[in-house]
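Me: Please give me a close look at one loop residue, then follow the local geometry and side-chain packing outward from there. Keep the cut-offs explicit.

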Amino acid sequence: MAALELIGPDGTTTTIRRGDPDLPGAAIHLGLLGIVTRVTVDVQPAYRMRQDLYGPIPWDTFTASAAQVFAAGYSVCAYTLFGDTVSEVLVKSRVPDGADDVEVPTSLLGAPRLPGSPR
C-alpha cells in the first residue's frame, strides 16, 4: 500500500503515506483510526504463486518461532480452532519469472506439508 486516507473521529482528514512509521499499523487499524476514504495501492504485473499447507504446530513452538514462520513465504496465514495447536499454516510463495516452480520445505517447524499442497 502506498497511502491511506481517512476521516478521524474529530472529522479531520488524514493521509498516511509510505515511509510514515504509522502506515503498517494504520493498514490494519480495523476502523479504530476512522473511516477509510481512499487507498492508494501499488500495482504489479501478473506473476505466478504456489501455496503449501503445513500443520499442526504446537502453540509454544509457533509463538517461539513466529518470525521464522511469517518469513517462510510471500504471504503466510495461520489458522486455529483455539486448541493446543495452530491447525494449519498456509504459505504462499512467488514463483520467479521463467521458473517452473520454487523449492519449498517438506516441513515447517517439524509440521509436515499437508495433502492438497502441490507436491
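**A loop residue and the packing elsewhere**

Reply: Leu-32 is in the loop between α1 (23-27) and β3; helices (H or I, at least four residues) and strands (E, at least two) are DSSP runs, numbered from the N terminus. The model is predicted, with pLDDT of at least 70 required for local features and 80 or more for side-chain atom pairs, while totals for chains, interfaces and linings use all residues. Residue numbers start from 1 along each chain as its sequence is written, and side-chain values use heavy atoms, leaving out hydrogens and water.

With a relative accessibility of 73%, Leu-32 counts as exposed; the classes are buried under 20% relative accessible area, exposed over 50% and partly exposed in between, using a 1.4 Å probe and protein chains only. From Leu-32 to Pro-9 the C-alpha to C-alpha distance is 8.9 Å, with their positions 23 residues apart in sequence.

Other loops hold the backbone exceptions. Most residues other than glycine have a negative phi, and most peptide bonds are trans. Phe-82, in the loop between β6 and β7 (85-86), has a positive phi near 60° and is exposed at 73% relative accessibility. Leu-109 sits in the loop between β9 (107-108) and β10 (111-112); its phi is also positive, about 55°, but this residue is partly exposed, at 24%. The bond from Gly-55 to Pro-56 is cis, with omega near -10°, and Pro-56 belongs to the loop between β4 and β5 (57-58).

Next, the rings. The whole structure contains three aromatic pairs, where rings of Phe, Tyr and Trp (its six-membered ring) pair if their centres lie within 6.5 Å, with planes under 30 degrees apart called stacked, over 60 edge-to-face and the rest tilted. Tyr-47 and Tyr-74 are edge-to-face because their planes meet at 65°, with ring centres 5.9 Å apart. This pair joins distant parts of the chain, 27 residues apart: Tyr-47 is in the loop between β3 (35-40) and β4 (48-54), and Tyr-74 in the loop between α3 (66-70) and β6 (75-79). Tyr-47 is partly exposed at 31%, as is Tyr-74 at 45%.

Phe-62 and Phe-70 form another edge-to-face pair, with centres 6.0 Å apart and planes at 80°. Phe-62 is buried at 7%, whereas Phe-70 is partly exposed at 43%. Together with Trp-59, these two make one aromatic cluster.

Tyr-47 also has a charged partner: Arg-94 lies over its face, 3.7 Å from the ring centre. The criterion is NZ of Lys or CZ of Arg within 6 Å of the ring centre and within 35 degrees of the ring normal.

Phe-62 leads on to the interior, as one of the eleven residues in the largest nonpolar core, whose members include Tyr-54, Val-69, Val-89 and Leu-108. A nonpolar core is a set of buried Ala, Val, Leu, Ile, Met, Phe, Trp, Tyr and Cys residues joined through side-chain atoms within 4.5 Å. Beyond its neighbours within four places in sequence, Leu-108 is in contact (heavy atoms within 4.5 Å) with Tyr-54, Ile-57, Val-69, Ala-72, Val-89 and Val-91. A second core is separate and has five residues, among them Leu-4, Ile-16, Leu-23 and Ala-26.
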